[in-house]
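Reader: I have the model open and would like a close look at one part of it. Please take me through a sheet, strand by strand, and then show me what surrounds it.

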Amino acid sequence: MSFAKAQDLLRLALMASSRHFGVSLEDIRAEFSVSHRTAQRMTDALELTFANVTKQTGSDRRSYWKVDDPTIAQLQPHQETAVEALEIASRRAKEEGRLRHAQALEDTRNGLMLRLSARDAKRAETDAEAVLEALGQVTRPGPRVPLNQAVADAVTEGLRGPFRLEIVYSGRSDQPRLIEPYGLLLGPRSYLVAKQPDRGAELLNFRMDRIQSAKCLDEWFVLEDGFSIENYAAQAFGAYHDPDQLKEVVWRFKPEAAERASEFQFHPKQTLQYQADGSLIVRFTAAGWLEMSWFLYEWGDAVEVLEPIELKEFVEGHQRSDFPSLP
């Protein structure tokens with residue numbers, strides 16, 4: 001057996017021991033990117049190598065292989081990457097004001113470190129610090145508005161239920177509002193997507209930094225059927241949603257800016273089309289012309305708005321030719 005196959009067999013044994021019902025052929029195909037026949041050969045090798053392998057049929061009529069009380073579980077693969085990932089995720093959660101999530105990630109990281117030998121734990125910690133140093137300590141540059149931790153915690157509880165929230169929101173009135181939370185849009189300014197029943201069935205965006213206080217109520221509600229926060233977010237370029245502005249957007253980047261522009265994902269459902277002269281056409285459908293204009297300004301006169309006409313007129317005359325570099 002080659003070293004590569006031995007490593008795959010070890011990974012498979014760990015999978016089969018750590019999953020409550022074991023692993024199916026479909027799980028193996030997805031995890032190892034192999035054919036159905038190769039997955040069968042891997043389960044044959046698993047049964048041949050380990051004496052404590054059991055095979056059972058699940059409620060979905062699939063066969064599952066389980067390694068019971070495995071000695072193999074005591075063999076820990078190098079965990080440097082897992083430690084790095086947990087550390088990065090924890091620091092990012094702190095930046096976004098999600099201290100409860102940050103603490104849970106830190107606890108998971110610490111639990112992982114406890115299972116390693118002293119030598120391996122030290123090496124994993126040292127390697128993780130080196131990677132974080134190289135990544136600039138995973139700091140997200142640029143301005144942002146910090147979140148109120150008590151508000152963030154209440155919103156998290158509301159989204160888990162889902163439960164209704166009672167919030168006090170800075171605006172025309174400081175009277176408490178009853179809302180039904182649907183999701184969060186994170187960015188320089190973070191927004192809570194929610195419905196306010198006394199204002200109708202429309203989804204609204206509440207700026208998190210303007211929520212003065214929030215209380216999670218013991219009142220469960222039913223989410224709108226078929227709602228997807230990803231699909232909702234895709235209706236806008238940024239956080240501003242306006243059905244009247246939801247139109248096809250077409251930008252043309254000059255040949256000298258085309259390659260740089262192609263590296264960006266301006267919208268999750270964008271299409272890119274190179275032209276004969278080397279320019280690049282970007283198309284997507286979204287609202288938020290003001291946020292688009294803020295972004296387009298960074299490109300100076302290297303980009304031209306073709307559609308919609310309202311956005312074209314909005315940015316007309318504001319393009320500059322003296323920016324020393326592209327975004």
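Author: Start with a definition: two strands count as paired if DSSP finds at least two bridges between them. Keep in mind that this is a predicted model.

Now the pairing itself. In S7, Ser213 is the bridge partner of Val168. That bridge belongs to a longer ladder. S3 and S7 are joined by six bridges and pair in the antiparallel sense.

Turn to the other neighbour of S3. Strand S3 covers residues 163-169, and three bridges join it to S4. These two strands also run antiparallel. Two of the residue pairs can be picked out on screen. Leu165 has Ile179 in S4 as its bridge partner. Ile167 has Arg177 in S4 as its bridge partner.

Step back to the whole sheet. Five strands make up an open sheet, in the order S6-S5-S4-S3-S7, with antiparallel pairing. Strand S6 (203-207) and strand S7 (211-220) stand at the edges. Each has a single partner strand, so one side of each is left without a neighbour in the sheet. From one strand to the next, the twist averages 45°. Strands of a sheet pair through backbone hydrogen bonds, either parallel or antiparallel.

A helix covers part of this sheet. Helix H7, residues 149-160, packs on the sheet and touches S3, S4, S5 and S7. The direction of H7 makes about 25° with that of S7.

Look next at the edge strand S6. Arg207 lies in this strand. Is Arg207 buried or exposed? Arg207 counts as buried, because its relative accessibility is 16% and the cut-off for buried is under 20%. Its contacts include Tyr169, Arg189, Ser190 and Tyr191, leaving aside residues up to four places away in sequence.

Now find the loop between strand S4 (177-185) and strand S5 (191-195). Leu186 lies there. With a relative accessible area of 45%, Leu186 is partly exposed. Leu186 also helps to form a nonpolar surface patch with Leu159 and Leu184. The patch has an area of about 210 Å².

There is a second sheet to set beside this one. Four strands form an open sheet in the order S9-S10-S8-S11, again with antiparallel pairing. Its edge strands are strand S9 (271-274) and strand S11 (303-307), and each pairs on one side only. Here the twist averages 25° from one strand to the next.

Inside that sheet, strand S8 (residues 247-253) pairs with strand S10 (residues 280-286) over seven antiparallel bridges. Phe253 stands opposite Leu280 in S10. Two helices lie across these strands. Helix H9, residues 255-262, lies across S8, S9 and S10 and runs at about 125° to S8. Helix H10, residues 289-297, lies across S8, S10 and S11 and runs at about 10° to S8.

Last, the chain as a whole. The protein chain has 11 helices and 11 strands. Of its 327 residues, 36% are buried. Among contacts with a separation of 6 or more, 57% join residues 24 or more positions apart. The accessible surface comes to about 19,500 Å², and carbon and sulfur atoms account for 51% of that area.

Note on methods:
Residues are numbered from 1 along each chain as its sequence is written. This is a predicted model: local features need pLDDT of at least 70, side-chain atom pairs count only at pLDDT 80 or more; totals for chains, interfaces and linings use all residues. Side-chain values use heavy atoms; hydrogens and water are left out. Patches are made of residues with over 30% relative accessible area and no salt bridge: like charges are joined within 9 Å, nonpolar side chains (Val, Leu, Ile, Met, Phe, Trp, Tyr) within 5 Å. Accessible areas come from the Shrake-Rupley method with a 1.4 Å probe; for residues, only the protein chains shown count as cover. A salt bridge is a side-chain nitrogen of Lys or Arg within 4 Å of a carboxyl oxygen of Asp or Glu. Buried means under 20% relative accessible area, exposed over 50%, partly exposed in between (1.4 Å probe, protein chains only). Axes are lines fitted to C-alpha atoms, for helices over the stretch in contact, and angles run from 0 to 180 degrees between N-to-C directions. Contact means heavy atoms within 4.5 Å.
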